[in-house]
Structures are given as C-alpha cells and as structure tokens.
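Got your viewer open? Keep the selection box handy, and let's walk through this one stop by stop.

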Amino acid sequence: MPIAVSAAACADLFGIHGGEVADGSVSSVDGASDDVIDEDSAPFDGGHVDPDANYADCGSGARGVNADAGLFVAVGGSPGSCSLAAPCGKFSDAIKKATGGTTIYVGPGIYTETIELPSSTLKLSFEGGWDIADAGVWVPQCTANAATIQSDGTHAYTVHLDNVGPLVTFSLLKIVNTPTSVAQGASLYGFLANNSNLELDNVSILVGNAGIGTTSVGTSGVGTNANCSSPGSGGTGGSGGPGAPSIIVATATGFNIVPGSAGSAGDPGENGMAGGPGACIACANKCVNDGGPSCDGGPPPACSLATTPVCGGDGGWGCGGTSGPGGLSGTAAGSSVGVFMYAGNLTVNNGAIDVGTGGSGGSGASGVSGVGGSSGMSGLSSTCFASGGCSMCFPTICQPMSGGFFGTAEGGAPGTSGGMGGAGGKGGGGAGGYSYDCFKAQNALVTLNGVTFQYGAPSSGGSAGGPIGTSGPVNDF
C-alpha cells in the first residue's frame, strides 16, 4: 500500500554523499502538520493536487502574458516564431529561441515530450495555468485542466537539467512519467537534475512504478577440476559461498546499478581410498640353456626352469568429483522518484509529488550441483605361460615344452569411489529499488514548502542477500 505524507522539509538524505535541507517551516497544502505520516493513506491511484484559484499567483486578475518578450507553446502549434499569434507545438522549439529571463507560456492540454535543458546560462520559466480563448487570447486557467507534460517514453525522465546554473522555474504544470511498460531494472523520474538550480511552484508530479530486477537463470564459469594425484578419504566437497549482492548508487545521471557477483564454485570431491595390493604367483616363464651338445639327434642340452614371481597390480582409488560452478547474480531493480537532485538547489512550493513503487530485486541463480566422483579401479592382473620342463629346439636355445598351462596373478581390490563435488554458491541478489518523492545526493540543498507526498511501499531485495528497497517522502540514509 503506498503511503501518503505531508511535509514541509526534507530530512538529511544521504549519509554517504550528504546534503543539507532547509526547513521551509510551512504547513502542507492539506492542512496536516509537517513531517507527519498518514497511515490511512489513499492507495496509489495517480491522484494529484491540481493548481486552483486558492493559489495567489493563479488568480484571473493577477496574471498576464508578456506578448513581446515571452514565448508560447500550445497543443497543435508548429515550428515558427513561438509568438503569441503563432505558438510552437514543442518545448524544444521554444527552448532554442529562448534568451536569458524568458518565460515560456504553456497552453492547456497534454504534451508528449521530454524536456532537455543542457548546460546553459539562461534563466528560464515555464508557466502553465493558461487557457486560449477565441482570437488567440491567453487567459488564466486554474482548474484541473492545467497543462500536462508527459514523458515521450524514450527517456527515464520527463524533464532533465544538466549543469544549469541560473534558476529554472516550472509553475502551474503537471509533470507525468507513467509509461505503459517499463524495462526490467529501469528507473523512472519526473525531474532528473544534476548540479542545477530548480524551483517548482504549484506543480504536480506523477511517476509510475519502476522496473523489477532480473532474476538470473545462467551459471558462471566452470567448476574446479578434481585433483587425482593421491588417495584421500572420499568425502564430499564443500559448497561454494553466495555471491555479493548488487547495489544501487546515485550518480549525476541518475541511479546506476553495480552488478553483484556470482556465487563461488564448490570444492571438488575428495579422492577415494586406495585399493589393496595385487597377488603374486611363482611362474616358470623361461628356460635357461646350460650348454651341452648340439641338438643334432644326440642327447638334449642341459636345461633348467627359472622361477620368477609375477604380481597383479594394486587397486587404484577413485578421483573426486568436479565441483559445481556458482550461479550468476540477479540485477538490482529500478527506482521511482519524483525529483532527483544530484548537487544543486531545489525549492518546491505548494505542490504534490506522487510516485510509484521501486521494483523488487532479482534473485541470483542457484549454483550447479557438483559431479560425482569416479569409482576406484581394480588392480590389473598378470599372466604367464608355465611348463613342466624344457625341450631342445636349436643347438643353443631351449624353450618350454608344449602342453603347459597359464598362470594368472590377480590384481588388487578396487579402491573406493571419489566423493561428490560441492555445489556452487547462489549468485548475489539484486537490490530492491527506491521509491522517493524527493531524492538528493552530493550535498544538494532542498527546501520544501507545503508539499503533499505519496510514495510506494518498500520493495523486496532478491536472494541471496539483496538489500531491501526503501521509500519515503525523502531519503534519510
């Protein structure tokens, strides 16, 4: 459930980057006391506070346009002079023609356009709350039909200020960034300002829900190979540890996601125990000629049997199983922010900021299970031919008599199997996104006077270890 709060001042936002907050000391537009949370808040429904006749600077008798020095933007206008008689249809056309101190008057209706204000020395004002009567007469309009500037969907923000030193003022306008679809991990901003000076008077800001983090489905790397050079106990390898979670960092260009790390690989399984030794037998495997007359019909030469032990091979041990690789990390989620200030100064007077929820962080993938160890091998057997005697063959050579037998020395018993490799660790979880009406960093100075806030509930972090997202009217960490 989104939470509504009425406040006149931001608390200090960022313990790391720091920032000062000037207390506006003005009660909120809904009459509630400053810095009090309304637990019975209305659900997030895109509601906002419309500029109306209660604002002193929106009365029909208090405002008029400067036809000579001002520039004019109206729905259906076309590129040209941006004059009262021939208004532009796009803010970008008017901004190109603006000089220092120019007021850009905005007619009623919805403008689907992202406003870019790059580094500039121009002091500009964007003023809505106008209607266009017959004959092109611009008259004050302080009802719910105030002009709306909707993001064009190609950027994360509706209005972007980058190193704009002179004061830029928006008044009596609605700033909307509610795309129909949001990419995973994408953040949304109403205003994104870097090192700039911005004032918002009677402005309503509406920002939708941010993108969720991506849950990892892959794996990282290859598991550690088993070492099979010596016998072991055959135990299972240990599991790998979880990876570090991803985090969200505030920068001059908005929130950046610092990826988490994959889980570490498990330990390889331990090698199996060695098998027993092979058996040995005595085998008459050759005849030795002791000399004597030639084999020419005379008596056979003197031959004798030489006895040599023959042994089977020792049984081998099984190699430990290969460890499983760690899982990839999940990504951090996007954040929903009404006004993002990175350095610079912001003043908000008598307006409303409604933002959606930050996305939930993606979960890291589980590590892959280890591979089982190999079985121990039996020792190889050894075989020889044995005979009962020797016979003459050639004058000086003896060989075994025919009709002998084979003798076999059995190999040793098989060693035990190697242990299972340990599973890889789970990838680090993604951080949950932020939901703040006002987020400031890098010593930005923010003053809020009579502003009504609405923001999303804290979002969840992904496993393993993804930090929970936070939310509120302003960040206080």
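The tour starts with the whole chain, then visits cores, ring pairs and disulfides.

**Stop 1: the whole chain**

Keep in mind throughout that this is a predicted model. Show the protein chain as a cartoon and colour by secondary structure: you'll get 30 strands and one helix. There are 477 residues in the chain, and 46% of them are buried. Now switch on the surface. About 20000 Å² is exposed, with carbon and sulfur atoms supplying 55% of that.

How much of the contact list comes from residues 24 or more positions apart? Among contacts in the chain with a separation of 6 or more, such pairs account for 82%.

**Stop 2: the largest nonpolar core**

Hide the surface and select L117, F126, F170, F191 and L200. These are the residues with the most contacts inside the largest nonpolar core, a set of 51 residues. Next, highlight strand β15, residues 188–201: this strand gives the core its largest share, five residues.

As background, nonpolar side chains in soluble globular proteins tend to be buried together.

Zoom in on L117 and show what surrounds it. Leaving out residues up to four places away in sequence, L117 touches I95, L124, F126, H160, L161, D162, V164, V168 and F170. Another core lies apart from the largest one; this other core has 15 residues, including Y157, I248, F340 and A431. Remember F340, as we'll come back to it.

**Stop 3: aromatic pairs**

Now colour the aromatic rings. The whole structure holds 16 aromatic pairs. Pick Y105 and W130 to begin: their ring centres are 5.9 Å apart and their planes are at 85°, an edge-to-face pair. The two residues come from distant parts of the chain, with Y105 in strand β5 (residues 102–106) and W130 in strand β9 (residues 130–132), 25 residues apart.

Are these two buried or exposed? Y105 has 6% relative accessibility, so it counts as buried. W130 is buried as well, at 1%.

Move on to F255 and F340. Their ring centres sit 5.1 Å apart with the planes at 85°, so this pair is edge-to-face. Here, too, distant parts of the chain are linked: F255 belongs to strand β18 (residues 254–258) and F340 to strand β21 (residues 336–349), 85 residues apart. F255 counts as buried at 11% relative accessibility, and F340 counts as buried at 0%.

Keep those two selected and add Y189, Y434, Y436 and F439. Ring pairs link these residues with F255 and F340 into a cluster.

**Stop 4: the disulfides**

Clear the selection and show the cysteines as sticks. A disulfide is a covalent bond between the sulfur atoms of two cysteines. How many disulfides are there? The count comes to three.

Select C82 and C88. Their sulfur atoms are 1.4 Å apart, and they form a disulfide. The link of C82 and C88 is left-handed, with -80° about the S-S bond. Turn the surface back on for a moment: C82 is buried at 0% relative accessible area, and C88 is buried at 0% too.

Next, go to C228 and C319, which are joined by a disulfide with an S to S distance of 1.8 Å. With -90° about the S-S bond, the link of C228 and C319 is left-handed. C228 is in the loop between β16 (204–207) and β17 (247–251), while C319 is in the loop between β20 (303–311) and β21, so the pair ties together parts 91 residues apart in sequence. C228 counts as partly exposed at 29% relative accessibility, and C319 is partly exposed at 25%.

Finish the set with C280 and C311, a disulfide with 1.8 Å from S to S. The link of C280 and C311 is right-handed, at 105° about the S-S bond. C280 lies in strand β19 (residues 280–289) and C311 in strand β20, so this pair ties together parts that are 31 residues apart in sequence. Both ends are partly exposed: C280 has 48% relative accessibility, and C311 has 38%.

**Last stop: one more cysteine**

Before you close the viewer, click on C438. At 1% relative accessibility, C438 counts as buried.

Terms used:
Residues are numbered from 1 along each chain as its sequence is written. This is a predicted model: local features need pLDDT of at least 70, side-chain atom pairs count only at pLDDT 80 or more; totals for chains, interfaces and linings use all residues. Side-chain values use heavy atoms; hydrogens and water are left out. Helices (H or I, at least four residues) and strands (E, at least two) are DSSP runs, numbered from the N terminus. Buried means under 20% relative accessible area, exposed over 50%, partly exposed in between (1.4 Å probe, protein chains only). Contact means heavy atoms within 4.5 Å. Accessible areas come from the Shrake-Rupley method with a 1.4 Å probe; for residues, only the protein chains shown count as cover. Rings of Phe, Tyr and Trp (its six-membered ring) pair if their centres lie within 6.5 Å; planes under 30 degrees apart count as stacked, over 60 as edge-to-face and the rest as tilted. A disulfide is a pair of cysteine sulfur atoms within 2.5 Å. A nonpolar core is a set of buried Ala, Val, Leu, Ile, Met, Phe, Trp, Tyr and Cys residues joined through side-chain atoms within 4.5 Å.
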